[in-house]
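Open the model in your viewer and switch to cartoon view. Keep the selection tool at hand for each stop.

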Amino acid sequence: MMDVAALAGVSHQTVSRVLNGTGKVAPQTRERVQAAIDQLGYRRNSVARALVTRKSGIIGIVTTTSVHYGPTSILVAIELASRQAGYFTGVTALEDFSVESLTSAFDHFLGLAVEAIVVIAPVVGIAEAVEAVRVPVPVVAVTAADVVGASDIRSVRVDQLGGAREAVRHLVDLGHRDIVHIAGPEDWFEARIRLDGWRVELEAAGVGGRVAPVRGWEASVGYEAGRALVDEGLPTAVFTANDAIALGLIRALDEAGVDVPGDVSIVGFDDEPMSRYFRPGLTTVRQDFFDLGQQVLSAVSSAIEGEGECFPILRPTELIVRDSTAAPRTLVPSV
């Protein structure tokens with residue numbers, strides 16, 4: 001900064017005002033300072049600045065190596081919300097969710113003087129590890145797990161149970177009484193809770209259902225389950241754990257000559273951008289990831305300032321009704 005000041009012929013305080021956008025600086029002086037910055041290739045040392053201000057403006061994010069729509073969308077939403085709030089982010093993706101690997105990731109972020117750490121924790125291992133590791137900066141977990149909400153760690157989550165129940169209720173209200181569920185991976189909280197929501201709503205309605213034997217997030221899971229259902233006996237409706245599974249299911253049913261929604265109604269979960277372009281357009285449960293990112297940053301800011309309580313922040317879902325659901329044929333009056 002002193003070199004920039006000397007080259008521009010101004011004080012280092014003037015350079016600081018130009019860099020920070022504070023105080024009054026004459027336009028000609030500002031241009032001279034900016035020209036000196038460009039000529040010298042000056043960049044502020046964020047570590048040195050953090051030592052002086054005790055604020056680095058950096059948030060650490062720990063996530064999984066999953067490239068599935070949900071975790072990826074959450075990461076992007078948090079990154080965008082961070083930038084809007086004036087923070088930069090550092091990201092570490094973990095394959096091993098042990099206490100040791102999480103401790104190593106946290107230590108790395110502490111070395112960068114982060115002001116807070118956000119953990120995207122969709123699977124059992126990482127959520128349990130978060131509980132076991134303690135750091136001197138606020139930690140906010142984005143997880144559907146209840147385990148985090150019982151500690152001093154702030155958590156933000158989407159109402160997976162409510163979303164699943166609303167999806168199944170939509171099918172029940174249409175008149176379906178045989179509703180199959182194709183579930184996600186057993187070690188994912190979202191998959192477990194969506195399965196629970198399916199069960200709870202069926203019990204509340206006094207309706208029967210089956211769980212497909214295959215589990216996962218990929219379209220291949222829906223395709224495999226669909227082929228099995230064709231062989232074993234079709235239900236009138238299927239609730240899938242995500243939209244990708246629904247896509248594979250629709251493909252398998254189409255190959256078997258099964259009409260959607262004439263023969264089988266299908267509801268997905270996530271509302272991926274492509275779901276409206278399925279054939280037919282997919283009825284699904286929407287998660288507002290942009291809103292989730294904003295809520296995460298709100299929790300981060302409150303934690304940094306020492307404000308608010310550690311109660312979980314629960315965000316709603318929205319049922320998006322398209323063309324993949326209809327009343328069962330037996331309930332459709334003949335013309």
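This model is predicted. Begin with helix α12 and show what lies against it. The cover over the buried residues of α12 includes β1, α5 (69-84), β3, β4, β5 (154-158) and β11.

**Stop 1: helix α12**

Select residues 289-304, which make up α12. Which residues of α12 are buried? They are F289, D291, L292, G293, Q295, V296, L297, A299, V300 and A303. Now check the length of the helix. It has 16 residues, so at 1.5 Å a residue it should span 22 Å. The end C-alpha atoms of α12 are 22 Å apart, which agrees.

**Stop 2: the sheet**

Next, colour the strands. Six of them form an open sheet. Read across it in the order β2-β1-β3-β4-β5-β11. The pairing is parallel. Where are the edges? Select β2 (88-94) and β11 (313-315), the edge strands. Each of these pairs on one side only. Neighbouring strands of the sheet are turned by 20° against each other on average, direction ignored.

Zoom in on one pair. Strand β3 covers residues 116-120, and strand β4 covers residues 139-142. The two pair in the parallel sense over four bridges. Pick I117 to find one of them: its bridge partner in β4 is V139.

Now add helix α6, residues 99-111. α6 packs on the sheet and touches β1 (58-64), β2, β3 and β4. The direction of α6 makes about 160° with that of β2.

**Stop 3: helix α10**

Select residues 219-232, helix α10. Its 14 residues should span 20 Å at 1.5 Å a residue, and its end C-alpha atoms are 20 Å apart, so the two agree. Show side chains for V221, G222, A225, G226 and L229, which are buried. Why do they line one face of α10? Look down the axis: the buried residues fall within an arc of 130°, so they line one face. An α-helix has 3.6 residues a turn, so residues three or four places apart point the same way.

What covers this buried set? The cover includes β6 (178-182), β7 (208-211), β8 (237-240) and α11 (243-255). Step past the end of α10 to G233, which follows the helix. The phi of G233 is positive, near 130°.

**Stop 4: a helix crossing**

Finish with α2 (residues 12-20) and α3 (residues 27-40). Their axes come within 10 Å and cross at roughly 90°. That makes α2 roughly perpendicular to α3. Select the residues that make the contact: T14, V15, V18 and L19 of α2, with T29, R30, V33 and I37 of α3.

Note on methods
Residues numbered from 1 in each chain as written. Predicted model: local features only at pLDDT ≥ 70, side-chain atom pairs only at ≥ 80, totals over all residues. Heavy atoms only, no water. Pairing = 2+ DSSP bridges. Axes fitted to C-alpha atoms, helices over the stretch in contact; angles between N-to-C directions. Contact = heavy atoms within 4.5 Å. Expected span 1.5 Å × (residues − 1). Buried < 20%, exposed > 50% of the residue type's maximum accessible area, 1.4 Å probe, protein only. Arc of directions from axis to C-beta. Parallel < 35°, antiparallel > 145°, perpendicular 65-115°, else oblique.
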